[in-house]
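Here is a short report on one structure. Look over the sequence and the model first, then read on.

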Amino acid sequence: MSRILTVKNLVTRFYTFDGVVHALNGVSFHLDHGETLAIVGESGSGKSVTMMSLLHLLPMPPARIEEGEAVFEDDDGPIDLLKLSKPERRRVRGGKIGYIFQDALSALNPVMTVGRQVRESIMEHLSLDQKAARERTIQLLEHVGIPGAKSRYGNYPHQFSGGMRQRVMIAVAIACDPKIVIADEPTTALDVTVQAQIIELTKRIQDELGISVIWITHDLGVVAGIADRVLVMYAGSAVEISPVDRLYEHPQHPYTEGLLAALPRVGAKRGKRLASIKGSPPDLQEPPRHCQFAWRCPYNFDRCWASAPPLFEVGEGHYTKCYYDMDQERPR
Ligand SMILES: Nc1ncnc2c1ncn2[C@@H]1O[C@H](COP(=O)(O)OP(=O)(O)OP(=O)(O)O)[C@@H](O)[C@H]1O
Ligand code: SF4
Ligand SMILES: [Mg+2]
């Protein structure tokens, strides 16, 4: 499969009055055409900052992208997303890359009708007149499963349920035939049934349109059904990258192992408590020079405290930032 996005050594910091927050410390990953990459990790690990850095959605200041490149490549040729001018950024955002935000209510404009919001996005990126853009909007709303799309065109966001608002966000994200859709925890605010419907809808749309999807979540349980590959983030670093099946069978980072152990399992004994990862992530204002996970890691040994591990290749498409070989149960 060919690459559509290649991110190398992304370093993003926030220069706040209280000090410098080292939010991303050299994140590298890639995305292939048509695949789904899930990004998992606990709150504050840098999942959103990674994506918002690529699309220039961070407030600057306090944010600053210090290093890195992010090459997006489609039929128009390669471009580095981090080096775009302001008009080029607008062309990419919503045009080539769609974004589904976690909280649809705050992402949608409360004083503009839903139909107009989708229509304006279409008119900004595609050369359609108002009538054609309105027709496309209604088709899109039908496509994402809004019942009575024509009559709901003039409704405001607050007149929709949470699940329906998230469907509208999906319509906005796919309105201009993007190559990539980034879904940033699109289902966390929804109940389980609606969550499953939104996941199904995203998969259907991906199959129909052949787009690549980056699905951000803190829930490894959701990942199994949707992702081809998984990137595990911890304290602003990509600590494990793996094809999805391999990750579940052979996690090669103790943090991933901890996340998997914390998942509820069918058939688990009743009353058995779920494992949780003890301790908390490091202070990103003073990141350690040794392995960031060392304080919480049950396998830590001398080398872990002397330097931060590099990314080791441990199988086909499988990488980990860890000095301990979990298969052989000894240092590598
Ligand atoms: N505007 C900001 N100013 C200062 N620090 C920030 C700002 N935005 C994010 N950060 C910090 O950057 C780090 C990464 O945050 P990010 O929002 O990417 O986490 P996340 O993995 O998306 O978490 P969540 O699952 O809670 O959404 C956190 O430590 C956060 O506090
Ligand atoms: S490098 Fe050492 S401390 Fe860090 S995750 Fe691996 S075993 Fe644990
Ligand atoms: Mg986030």
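## The loop between α1 and β4

P61 sits in the loop that runs between α1 (47–54) and β4 (63–74). The model is a predicted one. P61 takes part in two cis peptide bonds. One joins M60 to P61, with omega about -10 degrees. The other runs from P61 to P62, with omega near 5 degrees. P62 is also placed in the loop between α1 and β4.

H56 belongs to this loop between α1 and β4 as well. Its phi is near 55 degrees, a positive value in a residue other than glycine. Most residues other than glycine have a negative phi, and most peptide bonds are trans. H56 counts as buried because its relative accessibility is 15%, under the 20% limit.

A second positive phi appears at D177, again near 55 degrees and again in a residue other than glycine. D177 lies in the loop between α7 (162–174) and β7 (180–184). What is its relative accessible area? The value is 46%, so D177 is partly exposed.

## Two ligands

Ligand 1 has 13 residues around it, and S43, G44, K47, S48 and V49 come nearest. Oxygen atoms of ligand 1 make polar contacts with the protein. A polar side-chain atom of S48 is 2.9 Å from one oxygen atom of the ligand. An N or O atom in the side chain of S43 is 2.5 Å from an oxygen atom of ligand 1. At G46 the partner is a polar backbone atom, 3.0 Å from an oxygen atom of the ligand.

Where does ligand 2 sit? It occupies the largest cavity. Around ligand 2 there are 13 residues, of which C291, C297, C304, C322 and Y323 come nearest. The shell holds 11 nonpolar residues, 2 polar ones and no charged ones.

## Buried residues with polar side-chain contacts

R296 is placed in the loop between α11 (254–261) and α12 (302–306). Is R296 buried or exposed? Its relative accessibility is 11%, so R296 counts as buried. Its side chain reaches the backbone oxygen of K278 at 2.9 Å. A further polar contact, of 3.2 Å, links the side chains of R296 and Y234. R296 and K278 are 18 residues apart in sequence, yet their C-alpha atoms are 6.1 Å apart. Beyond its neighbours within four places in sequence, R296 is in contact with E42, Y234, I277, K278, G279, S280 and P281.

S212 is part of strand β8 (residues 212–217). It counts as buried because its relative accessibility is 1%. A polar atom of the S212 side chain lies 3.0 Å from the backbone oxygen of D32. Leaving aside residues within four places in sequence, the contacts of S212 include L31, D32, H33, G34 and E35. I4, K179, I180, V181 and Q206 are also among them.

H22 is in strand β2 (residues 19–32). With 18% relative accessibility, H22 counts as buried. The side chains of H22 and R13 share a polar contact of 3.2 Å. Not counting residues up to four places away in sequence, H22 touches T12, R13, L284, Q285 and P287.

The table gathers these side-chain contacts.

| Side chain | Partner | Distance |
|---|---|---|
| R296 | backbone oxygen of K278 | 2.9 Å |
| R296 | side chain of Y234 | 3.2 Å |
| S212 | backbone oxygen of D32 | 3.0 Å |
| H22 | side chain of R13 | 3.2 Å |

## An enclosed helix

Why is α11 described as largely enclosed by the rest of the structure? The reason is that 6 of its 8 residues are buried. The buried residues of α11 are P254, Y255, T256, G258, L259 and L260. Their cover includes β3 (36–40), α9 (220–226), β9 (229–234), β10 (237–243) and α10 (244–249).

## In and before α2

K86 is in helix α2 (residues 86–92). K86 counts as exposed because its relative accessibility is 60%. K86 and H56 are 30 residues apart along the chain, and 9.2 Å separates their C-alpha atoms.

L84 lies in the loop between β5 (77–80) and α2. Its relative accessible area is 10%, so L84 is buried. Apart from residues up to four places away in sequence, L84 touches I79, R89 and V92. L84 and T137 are 53 residues apart in sequence, with a C-alpha to C-alpha distance of 29 Å.

Terms used. Residues are numbered from 1 along each chain as its sequence is written. Chains are lettered from A and ligands numbered from 1 in the order in which they are written. This is a predicted model: local features need pLDDT of at least 70, side-chain atom pairs count only at pLDDT 80 or more; totals for chains, interfaces and linings use all residues. Side-chain values use heavy atoms; hydrogens and water are left out. A residue is near a molecule or strand if one of its heavy atoms lies within 4 Å of it. On a 1 Å grid over the protein atoms alone, a cavity is a set of points where a 1.4 Å probe fits but cannot get out, and a pocket is an open set with protein on both sides within 12 Å along at least five of seven lines; lining residues have an atom within 4 Å of a point. A molecule sits in a cavity or pocket if more than half of its atoms lie within 2 Å of its grid points. Ala, Val, Leu, Ile, Met, Phe, Trp, Tyr, Cys and Pro count as nonpolar, Asp, Glu, Lys and Arg as charged, and the others, Gly among them, as polar. Helices (H or I, at least four residues) and strands (E, at least two) are DSSP runs, numbered from the N terminus. Buried means under 20% relative accessible area, exposed over 50%, partly exposed in between (1.4 Å probe, protein chains only). Contact means heavy atoms within 4.5 Å. A polar contact is a pair of N or O atoms within 3.5 Å; within protein, one must be able to donate a hydrogen and the other to accept it, and residues adjacent in sequence count only if both atoms are side-chain atoms.
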